[in-house]
Amino acid sequence: MSAPTRRLTTAQALVRFLSVQYTERDGVRRRLIAGTWGIFGHGNVAGVGQALVEYADVMPFHQGRNEQSMVHAAVGYARQLDRLSAQAVTTSIGPGATNLVTGAALATINRLPVLLLPGDYFASHAPDPLLQQLEHPVEADVSVNDTLRPVSRYFDRITRPEALIPSALQAMRVLADPAETGAVTLALPQDVQAEAYDWPEEFFAERVWYVRRPAPDPVELSAAVEAIRSAGRPLIVAGGGVHHSEAEEALKAFVEATGIPVASTQAGKGSLRHDHPADLGGIGHTGTAVGDALARTADLVIGVGTRYTDFTTASGTLFQHPDVRFLNLNITGFDAHKLAARTLVCDARSGLEGLLEALGGHRVSEAYEAEYRAGKDRWDEVVEAAYRADDENAVPTQTQVLGALDAAVGDHDVVINAAGSLPGDLHKLWRSRSPRQYHLEYGYSCMGYEIPAGIGVQQAAPGTPVWALVGDGTYLMMPTEIVTAVQEGLPVNIVLLQNHGYASIGGLSEETGGERFGTAYRFRAADGTFTGAPLPVDLAANAASLGMDVLRAKTVCELREALTAARASDRPTCVYVETDPAPTAPPAEAWWDVPVAETASREAAVEARERYDRQVAGRRRHL
């Protein structure tokens, strides 16, 4: 007797399959693919589009305006839910598919799951060449979707219906695997999407993907304990892996038992509350004075769930103790082995709990605790000074905007940012009160991420106030998903800071001899130079035209009132504020390597190269 089958198109089978996939960790079960974002065109409208109509009762659909933005929204959703639930994104062929590449890179670099379903050319090659088809002269099976291969953790092109079965299972495995997750791409030729096949009923059975918490290896654990016991000045660097594994309470227990202080990467900030005595704030180029000072003198650096990017290590110049060694607790061996470290390849929560039990009451010296607590107190005074506004009727600085927002938000509000000068100010100054409050995408630092990510976070955490912080440069990159927030009734708040140019890159340009060339929004004169007058653009009016409520704030006092009103609103609201462009944030406490012209005739570049040569001399290879 033959096994029962169900006759469906490939696209129908895929949607039905996705609707019954689940993750489970610590006894909590979630939908693995909780919904699908889509923009339809030829290549997906008659395949996946029809299937989403067919199964609208089991697969929620969200209409996007830009393919890259849809991926950002899905990434924000997955991060808010600790990677235990994800969303899919479907696009047409051609430009709709290639618009996914930036979002896919962001997801994979940040180790965040998203399922990409771009349409593809006819597998049969019946119409050839097709509208929007890339014709490769020697490789006929190449399509523009191949640009997604290097930015995907798993990629397949489904050229026959039955090929979907093993590929769909592999796709779910990768999405649910904490050590492998990232963007997953199933490219779907449009004729195969619409082709019918007799699918085995087992393909549509509910399937649970258990998200592992691998325990530390006993040999590695023993070596890690010995390293900690022998260290006089240990420092924990908390990365995003602390959040992904929900290890915040385990980290707190470990720190309170051992007295070892914690400095956080952009992804790891909020691993401890800002007012915990052992929380030093950020580390690296955008770190705090106390965090970077301890990093320079640490004899053991304990990385927990961090990738050690150049911002964290100050491009290899931060960890300067002559005998410094590294102990890396990470779920991936790839990251654990960085900086020639002792490794503890395991889940962050399991590893911290195992270390705490094995250390048996070991604690750092009272003098060391007193030192870093005093440094923390001094830095708190710096934050207060940056936030303080002595004149409530003055135009606010960027740091005063952060101070006003700090006073307006609740403990569990979510603040989102990704690019510009704001990440540096936030990493130094923001006082995180809960694990999910600080949402910085700084693995790819992608302009345009904030607004769509805010939508994804709002979907994942209904009722939670969400704040997307954007400068004028970032806003102009990708404001279109405002329409989606309005359409879906998601009360995302945007804080739009207008300083008429690229503040971060302008400062970097000045520091490296570029003289702020091409970084301001100004009129161009007939001779090619830029005048001092800003462009007459009204970004607040633009946000209003896309359906947002807009509150304009000209002073610190008006800003406070607008933020309070926005938080109380049940509609998407934009708080628009022109800021004083004078830099008010504390200067960088550590270096970042941006190579400077080795030879130049202009004085600014010559001086910048002299500074560069002095800084690069401090780089170390940790071997």
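Hi everyone. Let me start with a word I'll use throughout: a residue is buried when its relative accessible area is under 20%, exposed when that area is over 50%, and partly exposed in between. One more thing before we look around: this is a predicted model.

Let's put that word to work on the cysteines. Is Cys446 buried or exposed? With a relative accessible area of 8%, Cys446 is buried, because that value is under the 20% cut-off. Cys557, on the other hand, is partly exposed, at 29%.

How many disulfides does a search of the whole structure find? The count is zero. As a reminder, a disulfide is a covalent bond that joins the sulfur atoms of two cysteines. Why is Cys446 not in one? The closest cysteine sulfur belongs to Cys574 and sits 20 Å from the sulfur of Cys446, so the two are too far apart for a bond. Cys557 is in no disulfide either, and there too the nearest cysteine sulfur is that of Cys574, 19 Å away.

Now please turn to strand S12, residues 234-238. This strand is mostly covered, with five of its five residues buried. In general, side chains in a regular strand alternate between the two faces of the sheet. In S12, both faces are covered. On one side you'll find Pro234, Ile236 and Ala238, and on the other Leu235 and Val237, all of them buried.

Which strands does S12 pair with? One partner is strand S15, residues 300-304, in the parallel sense over five bridges. If you want a spot to look at, Leu235 has Val301 as its bridge partner in S15. Another partner is strand S13, residues 262-264, again in the parallel sense, over three bridges. Here, Val237 has its bridge partner in Ala263 of S13.

My last stop is an enclosed space. The structure holds one cavity of 30 Å³ or more, and the largest cavity has a volume of about 130 Å³. Its lining is made of 15 residues, and those closest to the centre are Asp279, Gly281, Lys376, Trp379 and Asp380. Which elements give two or more residues to that lining? They are strand S14 (279-282), helix H15 (366-387) and helix H17 (422-429). H15 gives the most, with four residues. By class, the lining has six nonpolar, three polar and six charged residues.

So that's our tour: the cysteines, strand S12 with its partners, and the cavity. Thanks for listening!

Notes: Residues numbered from 1 in each chain as written. Predicted model: local features only at pLDDT ≥ 70, side-chain atom pairs only at ≥ 80, totals over all residues. Heavy atoms only, no water. 1 Å grid on protein atoms, 1.4 Å probe; cavity = no way out; pocket = protein on both sides within 12 Å on 5 of 7 lines; lining within 4 Å. Points joined across faces, edges and corners; volume = space filled by probe spheres on them. Nonpolar A, V, L, I, M, F, W, Y, C, P; charged D, E, K, R; others polar. Buried < 20%, exposed > 50% of the residue type's maximum accessible area, 1.4 Å probe, protein only. Pairing = 2+ DSSP bridges. Disulfide = S-S within 2.5 Å.
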